[in-house]
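Reader: I should like to learn how the terms used for a protein model are justified. May we go through them one at a time?

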Amino acid sequence: MATIKVQNLRKEFVTSDSTVVALEDASFEASGHVFVSVVGPSGCGKSTLLNILSGIETPTSGIAEITEDGKKARNGYVFQAARLLPWRTVMDNLLFVQTDKDDKARERCQRYLEMVDLGHTANQYPGQLSGGMQQRVGIARAFSIEPDVLLMDEPFSHLDAITGRSLRRELHNIWKETKKTVLFVTHDVGEAVELSNRMVIFGKGGRLREDLNIDLPFPRDPADDAVALTKANVLRKFEELDLVVS
Amino acid sequence: MWGSTTTARIVSIVSFLVGWQLIIPLLPTALIPTPIEVGEFMWAELRADTLAPETVYQAFATSLRRLVTGFGIALLIGIPLGLLMGLFKRVEDFLHDFVVVGLAMPSLVWALIAAMWFGFVERSSIITVVLASVTFVIINVAEGVRAVPKDLLDMSRAYGTSDLHRVRHVVLPSLMPFLFASLRYGLANGWKGLVLAEIYASTSGAGWTIRFWYDARRAQGVIGYALFFMIFALLAERLVFRKLSDRVFRWRPSDAQAPQEAEGSVQVGI
């Protein structure tokens, strides 16, 4: 079982004339088959948290680690933009992140491409696909390494509403099937309420302000009374915490 | 079918040639050849029937050998320097002015300096090619290093790929358009320098042969050789650059007809 552990995490960015604190004394833990959303206004350190957890950046102080039964876990990462290598085919993009590049890996990659309905694009280049399709390739890539934990940084924010909606549904199904631990960064409260069973809310200055459980049955229809009500409550909480940027 | 543009172009070229052919006999000079004379000269050259010590094939083979040797050396020097310049600001600050001066220097100056220092030896032509092309390699590789997309590097780091894997599949491919620009413009500038170096400091090669025709007062030889230069450049473009570029950039979406240079690559030619 995978565990995400963040303890007294602090991250500051030092430039020549100022120090910006992106995360301040953040602590939370999540493990097992959970979908945790990290929400908050822009500039609250959400993406920095993912970058630290994935090893792109190092913390100033504190602990941020992801373990699987005590060992370092394998993470899949879905970015805001697809971040595919334009000079490699879709299949080769998936193979690029595999530890072994044998036939088994190839089969696995093909399987995850089919999971996002893109099995037929394996030999195409990313430039030949639409933005939504590229994002789906990015999702397939994250799953193709069979990660212990999936980190997602606003993966649907660049897409049109309809594509975003169908990908959200797809993501939920995959999560249910594969039983991964997901850490999902978003600034969209509605999206967070529809997808996650837990929300951690960050405020300005990178402080963790609230840790909420969302106990509603899946699938969650935005038109459903309980879902709509929960969204309204969370937004009210945002106002109470003075997180709404007007 | 031929569009009206093609027809207009053909009419334009044909009337130019016909006009040229008709006007020359009326002029009081023997130094301007008619197109037919130039054509006859070129045809004789292509059959290896020539007054000059070298046939057109030998002359271009000699020049091509010098060009390739010189540009190979320019790549060996320019790629490491360009990488260092793109990676470290100190190196950039240190080399910047020299590179800018090198880009702006007319190839003629390099040819003269090389001729003065090394004399009539193979070396001076090769050194001219190196000097005339190395700055194009340096500056384009340096720009290329700066243009390696950071988001792709972060992505591969997040997935824990090895450094070697990252250089091979992320850094090098994103450098390719810049290497390509340095190939095309470095070779073009090196070629211009080479022809001049051969005129001043050689006894063989295409540049020297055009000088031979000049000294022999054969205008059709000078003009004919100028046309050979054009044909040579066109062949190089069609047979080498375009093929190579189609192959290297086959991943680019359908704008394959468009020029394949990198944005921000340095292409000044003097």
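Author: Let us begin with a term: a strand is a DSSP run of type E with at least two residues, and strands are numbered from the N terminus. The model shown here is predicted. In chain A, strand S1 covers residues 2-14, and A:Asn8 lies in this strand.

Reader: What makes the phi of A:Asn8 worth a remark?

Author: The phi of A:Asn8 is near 45°, which is a positive value in a residue other than glycine.

Reader: Why is A:Asn8 called partly exposed?

Author: A residue is buried at 20 or more other C-beta atoms within 10 Å and exposed at 12 or fewer, with partly exposed in between. A:Asn8 has 13 such atoms within 10 Å, and therefore it is partly exposed.

Reader: Why, then, is A:Lys179 called exposed?

Author: A:Lys179 has 10 other C-beta atoms within 10 Å, and the limit for exposed is 12 or fewer, so the term applies. A:Lys179 also has a positive phi, of about 55°, although it is not a glycine. A:Lys179 is found in the loop between helix H5 (161-178) and strand S8 (181-186) of chain A.

Reader: How do you know that strand S4 and S5 of chain A pair?

Author: Pairing requires at least two bridges between two strands. Strand S4 (residues 61-68) of chain A and S5(A) have 2 bridges in the antiparallel sense, so they pair. In S5(A), A:Lys71 is the bridge partner of A:Glu68.

Reader: What makes strand S2 and strand S5 of chain A edge strands?

Author: The open sheet has 4 strands in the order S2-S1-S4-S5 (chain A), with antiparallel pairing. Strand S2 (19-31) and strand S5 (71-72) of chain A each pair on one side only, and they are the edge strands.

Reader: Which residues have the most contacts inside the largest nonpolar core?

Author: They are A:Val38, A:Leu183 and A:Phe184, in a core of 66 residues. Helix H4 (residues 131-144) of chain A gives the most to this core, with 5 residues. Apart from it lies another core, of 49 residues, including B:Trp110 and B:Phe136.

Reader: Which residues does A:Phe184 touch?

Author: Not counting residues up to four places away in sequence, A:Phe184 touches several residues, among them A:Phe35, A:Val38, A:Met152 and A:Leu195.

Reader: How many residues of chain A are in contact with chain B?

Author: There are 15 residues of chain A in contact with 14 residues of chain B. On the side of chain A that touches chain B, 10 residues are nonpolar, 4 polar and 1 charged.

Notes
Residues numbered from 1 in each chain as written. Chains lettered and ligands numbered in written order. Predicted model: local features only at pLDDT ≥ 70, side-chain atom pairs only at ≥ 80, totals over all residues. Contact = placed C-beta atoms within 7 Å. Nonpolar A, V, L, I, M, F, W, Y, C, P; charged D, E, K, R; others polar. Core = buried A, V, L, I, M, F, W, Y, C linked by C-beta atoms within 7 Å.
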